[in-house]
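Colleague: I should like to learn how the features of a protein model are read. Please take me through them one at a time.

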Amino acid sequence: MVLLVTAGVFALLYLWFTLFPGRAVPGAGRYFTTDQVERGREYQRGLRLVSTGSFLVQAFFLAWLVFGGRAAVLSTWALELTGSYWGGVLLFFFVLWLALRVLNLPFRIFSSYCWQRRWGFSTQTFRAWWIDYLKGAAIDLILSAAGAVLFFWVAARWPAAWWLAGAALFFVLYIFLVFIWPLVVAPLFNRFEPAADPAVVGMVRELAQKAGLPVEQVLVMDASRRTTRANAYFTGLGRTKRIVLYDTLLRNYPLEQVRAVVAHEMAHWCRGHVMRGLALGVMGSFVIWGLLFVALRGTIPVSAPYPPHAWAVVLLFATLGFFVSSPLQNFISRRMEEEADRVAVQLTGDAAAAVRLQVELAAKNLSDVSPPAFIRWFSYSHPPVLERIGVVRKAGKAT
Ligand SMILES: [Zn+2]
C-alpha cells in the first residue's frame, strides 16, 4: 500500500514536470543555441510521457489483477486446466507474460521505432525492428520463466526462509548472466570485429597503460545498423577486459573525443565502480527479497506451496519497487558518473576535448540541457550536461 501511494505520487509529479518543465537555465546559452535546447526538450518530453504511460498501464493492470481478485480466478483456472501444480504455475506465468507484453507493445513501438525515426536516430526498417523485438522477447521469455520456476521452487523448498535462498540463488544467476551476456546474447544482435584503425588501437593501449588496466581486445560494434547514437563500453569481469566501441562513435567523432569516451569508461573500472555496483546490487537484492517475503505474507496467506497467482504479486511488487527506488539507484549512479568524468580528465589531461565531447553528445543525442529538478532527481543516471561540463572544467584546472 505504501508502495502504491509513493509510486502514484512520483508518477504524478513526473507527469507534471514533463508537461510543465519551466524555463531552461540561463547558463545553457553558453554552449547551446535556443533551438537546440528546445529540440532536446521536445524529444525528451515524448520519451518521458511514454515511459510514465507504460509504467502506469502496467502497474494498474497488475494491481487490478491482484487486488480485484482476478489473479486468483486465473490461477484456479490454470491449475484445473493443466491438472498439475507446475503446469498451472507455467501456464499462469505464460498468460501473464503475454498480457504484459501486449499491453506494453504500443509504448515500445512508439518510443523505440516511431519517435526514433521522427527525430532521425533510427536507421532500421520496421521489419528489422520487429526481428529485434522478437529476439529480445524470446530471451526475456526464457529468463523470466527461469526466474519464475526458481521463485516457486525456492518458496516450496524453504517455506520459512525462501527469501534468503532466493536472494543467494539470484546472485549466482546474475553473475552467470554478466559472464554469458557479451559472449552469447550480444552477438545475437550485433557483429563485433577487432578495431582496424591503428590510431584507435594505439590510443586505447596508451590510456590502458596509464590507467593500469589490462585491455585484451579493442572491438568495434556495428551499432549503425540500428541507430546514429554513439557509445562505448567495457566487458569482462576477470583480469582481462575488452572494450567495445560503437562504429557510430568512430565515424562521427574526432579521435580526441573518442579518447575522452574511452577514458571515461576506463575510469569506471579504475575506481571499482563495476564491483561496487555489483556489491550494491547484491545487498539490494537481499532487501528486495526480504520485503517481497513480507509483502506476499500480507497478500496471500497460504505459503507452501504458493498458488500460481503469487507471480502476479511478485511482478506488481517488482514493478512498483523498481519505480519507487529509482531516485536512490540514480543518485548512486550519478555519483559514480561524476567521479568517472573527473578521473577521465586526469587520465587524458585534456579537459577541453572532454568539454567538446559533452557538448557534441548532448547536441547529437538531443539531451535535455536543463531538466526540471524533480526529473533530474528521479530519473537521471548521469548528471545533466551542464553539470558534467562543470565537473570536467574543474578537474581540468586541478591537473
Ligand atoms: Zn559512465
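Colleague: Leaving aside its neighbours within four places in sequence, with which residues is alanine 260 in contact?

Modeller: This is a predicted model, in which local features need pLDDT of at least 70 and side-chain atom pairs count only at pLDDT 80 or more, while totals for chains, interfaces and linings use all residues. Residues are numbered from 1 along each chain as its sequence is written, and side-chain values use heavy atoms, with hydrogens and water left out. Contact means heavy atoms within 4.5 Å. With neighbours up to four places away in sequence set aside, alanine 260 has contacts with Ala354 and Leu357.

Colleague: In which helix is alanine 260 found, and is the residue buried or exposed?

Modeller: Helices are DSSP runs (H or I, at least four residues), numbered from the N terminus. Alanine 260 belongs to helix α9. Accessibility is read in three classes: buried is under 20% relative accessible area, exposed is over 50%, and partly exposed is in between (1.4 Å probe, protein chains only). Alanine 260 has a relative accessible area of 9%, so it is buried. Compare its position with that of leucine 320: the two are 60 residues apart in sequence, and their C-alpha atoms are 37 Å apart in space.

Colleague: Where does proline 254 lie, and how is its accessibility classed?

Modeller: Proline 254 sits in the loop between α8 (247-252) and α9. Its relative accessible area is 39%, so proline 254 is partly exposed. From proline 254 to tryptophan 181 there are 73 residues along the chain, and 30 Å between the C-alpha atoms.

Colleague: Which residues coordinate the zinc ion?

Modeller: One looks for donors, which are N, O and S atoms within 2.8 Å of the metal (3.2 Å for Na, K and Ca); water is not among the atoms, so sites may look incomplete. Here the zinc ion is coordinated at 2.0 to 2.8 Å by His264 (NE2), His268 (NE2) and Glu337, which is listed twice through OE. Along the chain, these donors have the spacing H-x3-H-x68-E. Histidine 268 lies in helix α9 (residues 255-270) and glutamate 337 in helix α12 (residues 326-348), so this pair ties together parts that are 69 residues apart in sequence. Both histidine 268 and glutamate 337 are buried.

Colleague: What does threonine 52 touch, not counting residues up to four places away in sequence?

Modeller: Threonine 52, a residue of helix α2, touches Ala11, Tyr14 and Leu15, with those sequence neighbours not counted. Its relative accessibility is 2%, so threonine 52 counts as buried.

Colleague: Which residues line the second largest pocket?

Modeller: On a 1 Å grid over the protein atoms alone, a pocket is an open set of points with protein on both sides within 12 Å along at least five of seven lines, a cavity is a set where a 1.4 Å probe fits but cannot get out, and lining residues have an atom within 4 Å of a point. Points are joined across faces, edges and corners, and a volume is the space filled by probe spheres set on them. The second largest pocket is lined by Leu4, Ala7, Gly8, Ala11, Leu12, Phe55, Leu56, Ala59, Phe60, Ala63 and Leu320. At least two of these residues come from each of α1 (2-19) and α2. The volume of this pocket is about 210 Å³.

Colleague: How many cavities of 30 Å³ or more are counted?

Modeller: The count is one cavity of 30 Å³ or more. The largest cavity holds about 50 Å³ of space, and its lining consists of Phe32, Gln36, Val37, Ala362, Ala363, Leu366, Ser367 and Val369. The elements giving two or more residues to that lining are α2 (34-67) and α13 (351-364).
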